[in-house]
Amino acid sequence: MSQLNFVFGTGDGQFAGSANQILVAGSGFYPAASSTIATGSNLVRPIIGGSGPYYGATGSAVSEHLPDGSWRHTFEFVVPGKGE
């Protein structure tokens, strides 16, 4: 189980951007010998909320563990009333 909190803002020393958040939660399968998903793979988890401009956010977050060891997170938001 994981809970990821993505914070967006100015980072002005007072952490003023802390109101702009996307909250992601869920689980995934990790290799037995590792504490995270395998390099070169990805994991899809639900977006369970947000604050500021992300208030009420839903959808999915795709976390990719890139071959160089870094990460990329892509957010796929559901827009109410758009056939979802």
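**A short walk through a five-stranded sheet**

The structure holds one salt bridge, a term that here requires a side-chain nitrogen of Lys or Arg within 4 Å of a carboxyl oxygen of Asp or Glu. Before I come to that pair, please note that this is a predicted model, in which local features need pLDDT of at least 70 and side-chain atom pairs count only at pLDDT 80 or more, while totals for chains, interfaces and linings use all residues. Residues are numbered from 1 along each chain as its sequence is written, and side-chain values use heavy atoms, with hydrogens and water left out.

Let me begin with the framework. Five strands, which are DSSP runs of E with at least two residues, numbered from the N terminus, form an open sheet in the order β1-β2-β3-β4-β5 with antiparallel pairing, where pairing asks for at least two DSSP bridges between two strands. Because β1 (2-7) and β5 (71-77) each have a single partner strand, they stand at the edges, and one side of each is left without a neighbour in the sheet.

Now to the salt bridge itself, which joins the side chains of Arg72 and Glu64 at 2.9 Å, N to O. Seven bridges join β4 to the antiparallel β5, and among these strands' residues Glu64 has Arg72 as its bridge partner in β5. On the other side, six bridges join β3 (residues 42-50) to β4 (residues 59-65), and there Glu64 is the bridge partner of Asn42. Arg72 is partly exposed, with a relative accessible area of 42%, and Glu64 is partly exposed as well, at 21%; buried means under 20%, exposed over 50% and partly exposed in between, using a 1.4 Å probe and protein chains only.

What, then, of Arg45, and is this residue buried or exposed? Arg45, found in strand β3, is buried yet has no salt bridge, and the nearest side chain of opposite charge, Glu64, is 12 Å away, with Lys and Arg counted as positive, Asp and Glu as negative, and His and the chain ends not counted. Leaving aside residues up to four places away in sequence, Arg45 touches several residues, including Leu4, Val24, Tyr30 and Ala61, where contact means heavy atoms within 4.5 Å.

Finally, the largest nonpolar core has seven residues, namely Leu4, Phe6, Ile22, Val24, Ile47, Ala57 and Ala61, and such a core is a set of buried Ala, Val, Leu, Ile, Met, Phe, Trp, Tyr and Cys residues joined through side-chain atoms within 4.5 Å. The elements giving two or more residues to this core are β1 and β2 (21-26).

How values were computed:
Helix = DSSP H or I, 4+ residues; strand = E, 2+ residues; numbered from the N terminus.
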